[in-house]
Amino acid sequence: MRVWYRCSRCGYTVEASSWLWRCPRCGNPLDLVIDGLKLTLSERRGLWRFSSVIPAKPLISLGEGFTPLVNADFLGRNVYLKLEYLNPTGSFKDRGSAVAVSRALELGVKAVVEDSSGNAGISVAAYAAAAGVKARIYVPKDAPEGKKNLIRSLGAELIEVQSRDEASRMAIESVGPGEAYIGHAWNPWFLQGTKTLAYELLDQLGHVPDAVVLPVSAGTLLLGLWIGFNELLNLGLINRVPRLYAVQAQGFASLYERMHGNYIREPTKLADALRVYNPPRIEQMVNAIRESNGDALVITDDELLQSWKSLLRRGFIIEPSSAIALSGYMKLLSNNHIDKDEETVIVLTGSGLKYIDIMSKI
Ligand SMILES: Cc1ncc(COP(=O)(O)O)c(C=O)c1O
Ligand SMILES: [Zn+2]
């Protein structure tokens, strides 16, 4: 398999034999182009079952992927919940981290740097620990205490800053020799991990669903699904891409605003994991939604709270940023964007175990 970086804006192309996270010519995000993609399922369970289509050596695994896909009878016969919160560090980010940190290790990196609202930081910290490399994680200081404590406990250096945007800026400025900026919102290797969700859904269902509904902020899961389903299409293993529905939080709905106009609301107080306002891959996100015939929507904190409670009371220990996907699904049903008989997967992305303190206050 030969792998190239290609700039999504200016077309700059170079073999992907070193660590790049943005185009050296124009500064835009890079994609990975893989020559000779062929799917052979390995005997392994989990993400590395798809290693034939992942352009990185399987150097690190904490058991990510192969998350349960359960029937949500309370919503309808054809509705499934994909329990991504059961990944090793409690979020889908582990798919991205397993691949990005494996690749960084393969290239001889000694430390990784990440900025995060919490979950990606926890995930990168854990995979760095497993790889035996250092991790430095920049987070907004109002991130949940449970998440910040986990990052520290995993042995990473935690740096608290004023805002989510400042976390990105400072992380990028801090990167020194021998260090790799993971920056999941930019990183093309990260998307090679999140794309395995598309392969896994096909593996579990035997076909692709009509629609996938998921929470979206920087777009790493949305774009992973888009890449994965398109690869499956090109491989002739499916004949259509499911409609992708991106559910966003109030105050941070830049994708929605790009597609439907302004939505002025106070910033969410509940969906702390969905607070990226200027995702670097916004153009690609708009394209994924439009080309898949899906849509972007915004959910208020009041709506989100209802879904969070309803999922908790059915035994799904998820965080508020995940519950937003159920609110999105309910809205799509009532707007007739999704029919209740259509096969739909709702992705539950992050664990509520990091929120025990917060739950008791609500
Ligand atoms: C639990 C959870 N769900 C969804 C998302 C959104 O993912 P992305 O920012 O890649 O769109 C995040 C991001 O941090 C998250 O932590
Ligand atoms: Zn470029």
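In this predicted model, Glu84 touches Thr67, Ser91, Phe92, Arg95, Leu197, Glu200, Val347, Leu348 and Thr349, leaving aside its neighbours within four places in sequence. One of these contacts, Glu200, belongs to helix H6. Another, Thr349, is among the closest residues to ligand 1. The points below start from Glu84, then take up Glu200, the helices, the sheets and the ligand.

**Glu84**

- Glu84 sits in the loop that links strand E5 to helix H1 (93–106).
- The residue is buried, with a relative accessible area of 0%.
- Its side chain makes a polar contact of 2.5 Å with the side chain of Thr67.
- Helix H6 supplies two of the contacts of Glu84: Leu197 and Glu200 appear in the contact list, and both are among the buried residues of H6.

**Glu200**

- Glu200 has its place in helix H6.
- Its relative accessible area is 2%, so Glu200 counts as buried under the 20% cut-off.
- The side chains of Glu200 and Lys82 make a polar contact at 2.6 Å.
- Leaving aside neighbours within four places in sequence, Glu200 is in contact with Phe50, Gly65, Phe66, Thr67, Lys82, Glu84 and Arg95.
- Thr67 and Arg95 are on the contact list of Glu200 and also on that of Glu84.

**Helices H6 and H7**

- Helix H6 spans residues 196–205 and lies across E4, strand E5 (79–83), E10 and strand E13 (344–348).
- H6 runs at about 130° to E5.
- H6 is mostly covered, with 8 of its 10 residues buried.
- The buried residues are Thr196, Leu197, Ala198, Tyr199, Glu200, Leu201, Leu202 and Leu205.
- Gly206 follows just after H6 and takes a positive phi of about 85°.
- Helix H7 covers residues 220–234 and lies across E10, E11 and E13.
- H7 runs at about 155° to E10.
- Strands E10 and E13 are crossed by H6 and also by H7.

**The sheet of 6 strands**

- This sheet is open, with mixed pairing and the strand order E4-E5-E13-E10-E11-E12.
- Strand E4 (69–71) and strand E12 (295–299) form the edges, each pairing on one side only.
- From one strand to the next, the twist averages 25°.
- Strand E10 (residues 211–215) pairs with strand E11 (residues 243–249) in the parallel sense, over 5 bridges.
- Within this pairing, Val213 stands opposite Tyr245 of E11.
- Leu214 stands opposite Ala246, also in E11.
- E10 is largely enclosed by the rest of the structure, because 5 of its 5 residues are buried.
- Ala211, Val213 and Pro215 are buried on one side of E10, and Val212 and Leu214 are buried on the other, so both faces are covered.

**The sheet of 3 strands**

- A second open sheet has the order E2-E1-E3, with antiparallel pairing.
- Its edge strands are E2 (13–15) and E3 (30–35), and each pairs on one side only.
- The twist here averages 30° from one strand to the next.
- Strand E1 (residues 2–7) pairs with E2 in the antiparallel sense over 3 bridges.
- Arg6 has Thr13 of E2 as its bridge partner.

**Ligand 1**

- Ligand 1 is surrounded by 16 residues.
- The closest are Asn119, Ala218, Gly219, Thr220 and Thr349.
- Thr349 places a polar side-chain atom 2.7 Å from a nitrogen atom of the ligand.
- Lys93 has a side-chain N or O atom 3.0 Å from an oxygen atom of ligand 1.
- Ala273 uses its backbone: an N or O atom there lies 3.2 Å from an oxygen atom of ligand 1.
- Taken alone, ligand 1 exposes 390 Å², and the protein buries 98% of that.
- Thr349, one of the closest residues to the ligand, is also in contact with Glu84.

Definitions and conventions:
Residues numbered from 1 in each chain as written. Chains lettered and ligands numbered in written order. Predicted model: local features only at pLDDT ≥ 70, side-chain atom pairs only at ≥ 80, totals over all residues. Heavy atoms only, no water. Pairing = 2+ DSSP bridges. Helix = DSSP H or I, 4+ residues; strand = E, 2+ residues; numbered from the N terminus. Axes fitted to C-alpha atoms, helices over the stretch in contact; angles between N-to-C directions. Contact = heavy atoms within 4.5 Å. Buried < 20%, exposed > 50% of the residue type's maximum accessible area, 1.4 Å probe, protein only. Polar contact = N/O pair within 3.5 Å; in protein donor to acceptor, adjacent residues only side chain to side chain. Near = heavy atom within 4 Å. Areas by Shrake-Rupley, 256 points an atom, 1.4 Å probe, with all protein chains shown as cover.
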